[in-house]
Amino acid sequence: DLGGYRYYMQKEIFEQPRAVADTLLDVTSIMPELFGDNAWRVFNGVDSVLLLACGGSYHAALTAKYWIESLAGLPANVEIASEYRYRDSVANPKTLVVAVSQSGETADVLGALQVAKRLGMTNTLSICNVPTSALVRECALNFMTRAGIEIGVASTKAFTTQLVALFLLTLALAQIRGRLSDEEERRHLHALRHLPDAMGKVLALEPQIMAWSETLTRKENILFLGRGMHFPIALEGALKMKEISYIHAEAYAAGELKHGPLALVSDEMPVVAVAPNDRLLEKLRSNMHEVSARNGRLFVFADVDCGLSPSPGVSAIRLNEYYGPLSPILHTLPMQLLAFHAALARGTDIDKPRNLAKSVTVE
Ligand code: F6R
């Protein structure tokens, strides 16, 4: 049932405040038990985190690396599951292995998990949207996202609920390591509880985003830039764009611009920047200047009070507020809407993009 929407992806984009609220339903305090009965014992014994995933879920895992190292002080690594499973790696039995997968049936994620277990890493946790999936059966601990069934091939509500789950995991690890004061716990819980509202306000920016997509849809290439914990969000934006609009899109960590991709920038190569009001904004601003100086058109997703003054070739859409460490969740929404409207204007099969399957159960 499309409930009045034209596409499942569109419906699922707008379901996100509800999906996030459902995923947070039982959370009134941060505790390891959110991840399973034995979670306290497991989390207490780990000295690092290894996240395994594919595609969009890999981008969620990449965001978590920034959170875990910054807030929990634990070394965190992220690997593309198809790479990890076939390379020689050094196993650490004290690592918490976190498999992130919407479907829980992705062959490479299951394969990577098997390899980790065979190497003696038994502290396994799934972050998954399907309780009956193979992944959930295979992991010692599980956290279920409650996005509901996702039908659009391009993942939306599964991605943002994965981020919520990974943030909760970060807080639980921080707590066990004595890095989460009661005051901080209250502050984070407050921010999480208000996230659905904040997401609703970002989704209301749709008309402005739609106007941008009219320009972008005529281009054959788009560059996405982000820094820090918003670099994975730029990656996710580029993935959504290429998946459903078939526009060639690439994402770079903005600091990498002058190490190569700047050569591509011209008035034919629009640049989308994810530019929240965090401590990297000044750095990003100088990267954006590098683009403007080469006649590149910039489309900037900023926050209020970003101090960005209007200038030729630079358009900005401002989110209502800077949302602290949860900002990547809010900044994901414009990425999804931009890709959706570019695809809509191009008349592609949005819910079933060519050559792609919802669940990749073969290698
Ligand atoms: C992107 C997308 C895919 C999946 C990937 C992993 O929009 O949907 O890249 O994220 O195939 O799938 P799961 O999360 O089911 O393991």
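Modeller: Buried means under 20% relative accessible area, exposed means over 50%, and partly exposed is what lies in between, with a 1.4 Å probe and protein chains only. Keep in mind that this is a predicted model, where local features need pLDDT of at least 70 and side-chain atom pairs pLDDT 80 or more, while totals for chains, interfaces and linings use all residues. Residues are numbered from 1 along each chain, and side-chain values use heavy atoms, without hydrogens or water.

Colleague: Okay, why is Lys-157 called buried?

Modeller: Lys-157 has a relative accessible area of 2%, which is under the cut-off, so buried it is.

Colleague: And what makes Glu-15 and Lys-157 a salt bridge?

Modeller: The rule asks for a side-chain nitrogen of Lys or Arg within 4 Å of a carboxyl oxygen of Asp or Glu. Here the N to O distance is 2.7 Å, so the pair qualifies. Glu-15 sits in the loop between helix H1 (8-14) and helix H2 (16-23), and Lys-157 in helix H8 (residues 157-176), so the bridge ties together parts 142 residues apart in sequence. Glu-15 comes out at 16% relative accessibility, so that one counts as buried too.

Colleague: How do you know where a helix starts and stops?

Modeller: Helices are DSSP runs of H or I with at least four residues, strands are runs of E with at least two, and both are numbered from the N terminus.

Colleague: What makes Lys-117 and Glu-138 a pair?

Modeller: Their closest N and O atoms are 3.2 Å apart, so they pass the salt-bridge test. Lys-117 belongs to helix H6 (residues 107-118) and Glu-138 to helix H7 (residues 134-138), so this pair, 21 residues apart, links distant parts of the chain. Lys-117 has 27% relative accessibility and is partly exposed; Glu-138, at 30%, is partly exposed as well.

Colleague: What separates Arg-285 and Glu-282 along helix H13?

Modeller: About one helical turn, because they are three residues apart in helix H13 (residues 281-292). Their side chains meet in a salt bridge at 2.9 Å, N to O. Arg-285 is partly exposed at 24%, while Glu-282 reaches 52%, so it is called exposed. Elsewhere, Lys-11, Glu-15, Arg-18, Asp-22 and Lys-157 are joined into one network by bridges that share partners.

Colleague: How many salt bridges does the whole structure hold?

Modeller: The search finds 17.

Colleague: Is Leu-337 buried or exposed, and how do you know?

Modeller: Leu-337 has a relative accessible area of 1%, so it is buried. Its place is in helix H14 (residues 327-346). Leaving out residues up to four places away in sequence, Leu-337 touches Ile-13, Phe-14, Leu-203, Glu-206 and Ile-209, where contact means heavy atoms within 4.5 Å.

Colleague: Why is Ser-89 called buried?

Modeller: Ser-89 has 19%, and the limit is under 20%, so it counts as buried. Ser-89 lies in the loop between helix H5 (81-84) and strand E3 (95-101). With the same sequence neighbours left out, Ser-89 touches Tyr-84 and Leu-119.

Colleague: What makes an empty spot a cavity?

Modeller: On a 1 Å grid over the protein atoms alone, a cavity is a set of points where a 1.4 Å probe fits but cannot get out, and lining residues have an atom within 4 Å of a point. The search finds one of 30 Å³ or more, with a volume of about 40 Å³. Among the residues lining this cavity are Arg-227, His-230 and Asp-278.

Methods. On a 1 Å grid over the protein atoms alone, a cavity is a set of points where a 1.4 Å probe fits but cannot get out, and a pocket is an open set with protein on both sides within 12 Å along at least five of seven lines; lining residues have an atom within 4 Å of a point. Grid points are joined across faces, edges and corners, and a volume is the space filled by probe spheres set on the points.
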